[in-house]
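Biologist: I am new to this structure and would like a close look at a single part, the place where the ligand sits. Please describe the ligand and its surroundings.

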Amino acid sequence: MNIIEVKDYQEMSERAAKYIMGKVTANPSITLGLATGSTPVGTYKNLIRDHQENGTSYRDVTTFNLDEYVGLSGDDPNSYQYFMNEQLFNHIDINKANTHIPRGDASNLQEECMRYEELIAQNGGIELQVLGIGSNGHIGFNEPGTSFQSKTHIVQLTDSTIHANARFFDRVEDVPTKAVSMGISTIMKSKEILLLVSGENKNEAMHKLVGSEENENFPASVLKNHPSVTIIADQPALQGVKIPQL
Ligand code: F6R
């Protein structure tokens, strides 16, 4: 795990966007794995600005998002599909047909999980997966206790995740309690992983990530087994964390 320490959220967002832009420029038909949540919003803003100012093109890029809430259709403003359209896809030249997000409103969710897993494989897998981290160590919506062997699956969200995500909803009762998420093995199959971490509320998670052995009670710890992980984390998230020297 290569940890890049930056000052704050803004610098994390700029560095992450540059990293992604470099990959897209080197391989214009790259397959990216994308995340939602607050962490990547600034990164996406920087990608949009660069697209507008410098013309970096996403015409041939394919994307797979990590997760979607169960029960929400893609045009629901709280869905991750809607979020991605608003925060990124509507503002760049990507072909929406090449942007994939699990269908949270599929009538058969088990089939949807299998379809999504197969679609990723048929596309030749994910080259660069962008991740955020939950304060409980979740990646995607893989909560503590999720098997490291898991594929795309239906997840029961923990109370801590429901409360953390309630800020996007009118009322905590409106937050769906289930989601479809890429599994941990799905994420681990990506050739490369870029984990973005910002803020004091992620400090404990960073201490655990750096300091603990791989274990299923802290899902992000699986990343220690991945050959190519870059973490861009800001100072509040890294406060007191001993960064391992490579
Ligand atoms: C989002 C996702 C989650 C978030 C995590 C952190 O698609 O899969 O794992 O990355 O919950 O969320 P924020 O960035 O809102 O702190």
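Modeller: What follows goes through the ligand, its contacts and its pocket. This is a predicted model, in which local features need pLDDT of at least 70 and side-chain atom pairs count only at pLDDT 80 or more, while totals for chains, interfaces and linings use all residues. Residues are numbered from 1 along each chain as its sequence is written, and side-chain values use heavy atoms, with hydrogens and water left out.

Around the ligand are 14 residues (a heavy atom within 4 Å of it). Nearest come Thr39, Asp67, His138, Gly140 and Lys202. By class, this shell has three nonpolar, eight polar and three charged residues; Ala, Val, Leu, Ile, Met, Phe, Trp, Tyr, Cys and Pro count as nonpolar, Asp, Glu, Lys and Arg as charged, and the others, Gly among them, as polar.

An oxygen atom of the ligand lies 2.6 Å from a polar backbone atom of Gly140. For Ser38, a polar backbone atom is 2.8 Å from a ligand oxygen, and for Thr36 an N or O atom of the side chain is 2.8 Å from a ligand oxygen. On its own the ligand has 400 Å² of accessible area (Shrake-Rupley method, 1.4 Å probe), of which the protein covers 93%.

The space taken by the ligand is the largest pocket, with a volume of about 510 Å³. Of its 25 lining residues, Gly37, Ile133, His138, Asn165 and Lys202 are closest to the centre. Helix H5 (residues 159–165) supplies the largest share of this lining, four residues. The lining divides into eight nonpolar, 14 polar and three charged residues.

Terms used
Polar contact = N/O pair within 3.5 Å; in protein donor to acceptor, adjacent residues only side chain to side chain. 1 Å grid on protein atoms, 1.4 Å probe; cavity = no way out; pocket = protein on both sides within 12 Å on 5 of 7 lines; lining within 4 Å. Sits in = over half its atoms within 2 Å of the grid points. Points joined across faces, edges and corners; volume = space filled by probe spheres on them. Helix = DSSP H or I, 4+ residues; strand = E, 2+ residues; numbered from the N terminus.
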